[in-house]
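The following explanation leads the reader through one protein chain, from its overall layout to individual residues. Please keep the sequence and the model in view while reading.

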Amino acid sequence: MFGKGSKLYSIFAMKCPRCHEGDIFETRNPYKNMSAIHKNCSHCGLRYEKEMGFFFGAMYVSYMLNIALFVTAIVAYFVLLDQYLEGWALMTIYVIITAFLVPVYYRLSRTIWLNFFDSYHPEKRGAK
Ligand SMILES: [Zn+2]
């Protein structure tokens, strides 16, 4: 399920959606130059930014990820933390966590967006 050949591998390892070999981003650390993205896959040559403004759609993915985090935080608050934590404290913690996760969401949303448009082709793994 998480091995090569699955979309989840490509998304969480941030590898090329077509060959699962080449890195999408220039650095592994999202907090270090978060937006530095390769133009093409180093293994199969897949062009990541298919057209100008291609990654604009990744904003919607990022929005959905943030909504998922917010709903999780609200449910966790009312189920587990309601008696221990004030509402303003939850919102403060939520904002801090969200700000800390911006680079991670930025990269995850772009990788998920790329995976919408390309699927795994194992025959492309060694090709250039
Ligand atoms: Zn590739």
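The paragraphs below treat the overall layout, then the helices, the nonpolar core and two loop residues.

The model is predicted. The chain contains 3 helices and 0 strands, and its elements run α-α-α from the N terminus on. Along its principal axes, the C-alpha trace spans about 60 × 30 × 25 Å. Of the 128 residues, 15% count as buried. Among contacts between residues at least 6 apart in sequence, 58% join residues at least 24 apart.

Helix α2 comprises residues 58-81. From its first C-alpha to its last, this helix of 24 residues reaches 32 Å, close to the 34 Å expected at 1.5 Å a residue. Helix α2 is also hardly covered, with a count of buried residues of 1 among its 24 residues.

Helix α3, residues 87-117, has a kink of about 50° at Val-102, shortly before the proline Pro-103. The buried residues of α3 are found at Arg-107, Ser-109, Arg-110, Thr-111 and Leu-114. Against which elements do the buried residues of α3 pack? Their partners are α1, residues 7-13, and α2. An α-helix has 3.6 residues a turn, so residues three or four places apart point the same way.

Leu-114 links this helix to the nonpolar core. The largest such core has 9 residues, and Leu-114 is one of them. The others are Cys-16, Cys-19, Ile-24, Phe-25, Cys-41, Cys-44, Leu-46 and Tyr-48. Which residues does Leu-114 contact, leaving aside its neighbours within four places in sequence? These contacts are with Pro-17, Ile-24 and Tyr-48; Ile-24 and Tyr-48 belong to the core as well.

Two residues in the loop between α1 and α2 deserve attention for their backbone angles. Met-14 is found in that loop, and its phi is near 55°, a positive value in a residue other than glycine. His-20 lies in the loop between α1 and α2 too, with phi near 60°, again a positive value in a residue other than glycine.

Are these two residues buried or partly exposed? A residue counts as buried if 20 or more other C-beta atoms lie within 10 Å of its own, and as exposed if 12 or fewer do, with partly exposed in between. Met-14 counts as partly exposed because it has 18 C-beta neighbours inside 10 Å. His-20 counts as buried because it has 23 such neighbours inside 10 Å.

Conventions
Residues are numbered from 1 along each chain as its sequence is written. This is a predicted model: local features need pLDDT of at least 70, side-chain atom pairs count only at pLDDT 80 or more; totals for chains, interfaces and linings use all residues. Helices (H or I, at least four residues) and strands (E, at least two) are DSSP runs, numbered from the N terminus. Two residues are in contact if their C-beta atoms, placed from the backbone, lie within 7 Å. The bend at a residue is the angle between axes fitted to the seven residues ending there and the seven starting there. A nonpolar core is a set of buried Ala, Val, Leu, Ile, Met, Phe, Trp, Tyr and Cys residues joined through C-beta atoms within 7 Å. The expected span of a helix is 1.5 Å times one less than its number of residues.
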